[in-house]
Amino acid sequence: MDGYDALLAALDCPIWLRQLRQGAYLTGTFCGDAMPAVWYGCPPGLIPLTSNGSALLYRGIWVCWFTPGHPRSYVMSDIEDACRLREIAITDAQFAAWMIIQAIVCNDDVTDEVIRFHADTRPLDLERLDEHTMTHGDGWEGLTALPLFQSPRPNAVGTRSEATGGVLHPQHTDPARFRDACWFELSEEQQRIALDHPDAAPWLRRDAPLARLFDDYLSSGRQAEAWATLNSTGWSLPDARAAAERLADATDLPGLALQLRAWIAFSQQTDIPERYGY
């Protein structure tokens, strides 16, 4: 059991999700993906499930540790798009259905791999998912045709006018409400607003002194703000690792400590120069 597997177990994720991350499902279908994920660069808040080296993409989980109930989202993170998150599923069933839809389209068939994964997840009837691909393909905009994705609706799902992408609520656009948000939780529009708005959190503003802000928050016991600062853009890897270690030592959230230490180990699996961060 590695650090991320221990974390998924602590989050009470389904067994099939932990096995998917370890490469037990759909490896022939998604032969270009690494399971477990490999390091291309990502913030500590992303729990990587799979990675694709050609596209520099991660599928992963984002946990809102300082929100009651620790809600989590399934996200895509595009390294070439500055690690911006797109929420593709909120429930385990939504994520399983999305993986099955992608697999059917990728294979242009319901293969034995798809049948096996569906048998262990069963988010919807397999025939219904196959029918969906014939009409909508695997695009995010068509997923709202399935009641499973209508409520709750992930932020990246739906037509261009419906989708926002980030993991905050679509109506969360008042800069005064960005005071507890991580940079990567914001949509592109929310990030644009926050950069220069005086009501946005200090760590979201342009040229924010992240390391100093992190020190101030952690020393005053404001761990939520320290976490949000650590997951905002502008860190080098050495500074981020050192900050992550300090937060892991200080926090009373065992799952958060597991995630931070798993990320530190993950981020060391690299030949990328240390000056490059996120």
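These are my notebook entries on a predicted model, written as I looked things up.

**Entry 1: strands**

I started with β3, residues 57-63. How many of its residues are buried? I found 6 of its 7 residues buried, so I put the strand down as mostly covered.

Next I looked at what pairs with β3. On one side, 6 bridges join it to β2 (residues 46-52), and the two run antiparallel. I noted one pair there: Leu-46 has Trp-62 in β3 as its bridge partner. The hairpin of β2 and β3 has 4 residues between the strands, and in that hairpin Leu-56 takes a positive phi near 55 degrees.

Then I turned to β4, residues 72-78. It is joined to β3 by 7 bridges, again with an antiparallel run. Here I picked out Leu-57, whose bridge partner in β4 is Asp-78.

**Entry 2: helix α4**

I moved on to α4, residues 112-121. Which residues are buried in this helix? I listed Val-114, Phe-117, His-118 and Thr-121. Looking down the axis of α4, I see these buried residues fall within an arc of 100 degrees, so they line one face of the helix.

What do they pack against? My list reads α2 (15-21), α3 (92-107) and α5 (126-136). Just after α4 comes Arg-122, and I jotted down its positive phi, near 45 degrees.

**Entry 3: backbone oddities**

A reminder to myself before going on: most residues other than glycine have a negative phi, and most peptide bonds are trans. I went looking for exceptions.

Where are the cis bonds I noted? One joins Met-35 and Pro-36, with omega about 0 degrees. Pro-36 sits in the loop between β1 (33-34) and β2. Another cis peptide bond joins Ser-151 and Pro-152, and there too omega is about 0 degrees. I found Pro-152 in the loop between α5 and α6 (188-195).

For positive phi, I wrote down His-70, near 50 degrees. His-70 is in the loop between β3 and β4. I call His-70 partly exposed because its relative accessibility is 32%, and the partly exposed range runs between 20% and 50%.

Cys-83 also has a positive phi, near 65 degrees. I located Cys-83 in the loop between β4 and β5 (84-89). Is Cys-83 buried or exposed? Its relative accessible area is 5%, so I count Cys-83 as buried.

**Entry 4: the core**

I looked up the largest nonpolar core, which has 88 residues. Which of them touch the most other members? I got Leu-17, Ile-61, Trp-62, Phe-95, Phe-117, Leu-230 and Trp-263. The helix α3 gives the most to this core, with 9 residues.

I followed up on Leu-17. Setting aside neighbours within four places in sequence, I have Leu-17 in contact with Leu-49, Ile-61, Tyr-74 and Phe-95. Two names here took me back to earlier entries: Trp-62 from the core list is the bridge partner of Leu-46, and Phe-117 is one of the buried residues of α4.

**Entry 5: salt bridges**

Side chains of opposite charge can pair when their charged atoms come close. How many salt bridges are there in the whole structure? My search gave 13.

I went through a few. Arg-18 forms one with Asp-5, and their closest N and O atoms are 3.0 Å apart. Arg-18 lies in α2 and Asp-5 in α1 (residues 3-10), so the pair ties together parts 13 residues apart in sequence. I also checked their cover: Arg-18 is buried, and so is Asp-5.

Arg-206 pairs with Asp-196, with closest N and O atoms 2.5 Å apart. I placed both in the loop between α6 and α7 (210-219), so this pair ties together parts 10 residues apart in sequence. I have Arg-206 as partly exposed, at 46% relative accessibility, whereas Asp-196 is exposed, at 54%.

Asp-215 forms a salt bridge with Arg-246, the closest N and O atoms again being 2.5 Å apart. This one links distant parts of the chain: I found Asp-215 in α7 and Arg-246 in α9 (residues 237-250), 31 residues apart. Asp-215 is partly exposed, with a relative accessible area of 33%, and I noted Arg-246 as partly exposed too, at 37%.

My last note is on a network of salt bridges, which links Asp-81, Arg-84 and Arg-86.

Technical notes
Residues numbered from 1 in each chain as written. Predicted model: local features only at pLDDT ≥ 70, side-chain atom pairs only at ≥ 80, totals over all residues. Heavy atoms only, no water. Buried < 20%, exposed > 50% of the residue type's maximum accessible area, 1.4 Å probe, protein only. Pairing = 2+ DSSP bridges. Arc of directions from axis to C-beta. Contact = heavy atoms within 4.5 Å. Core = buried A, V, L, I, M, F, W, Y, C linked by side-chain atoms within 4.5 Å. Salt bridge = Lys/Arg side-chain N within 4 Å of Asp/Glu carboxyl O.
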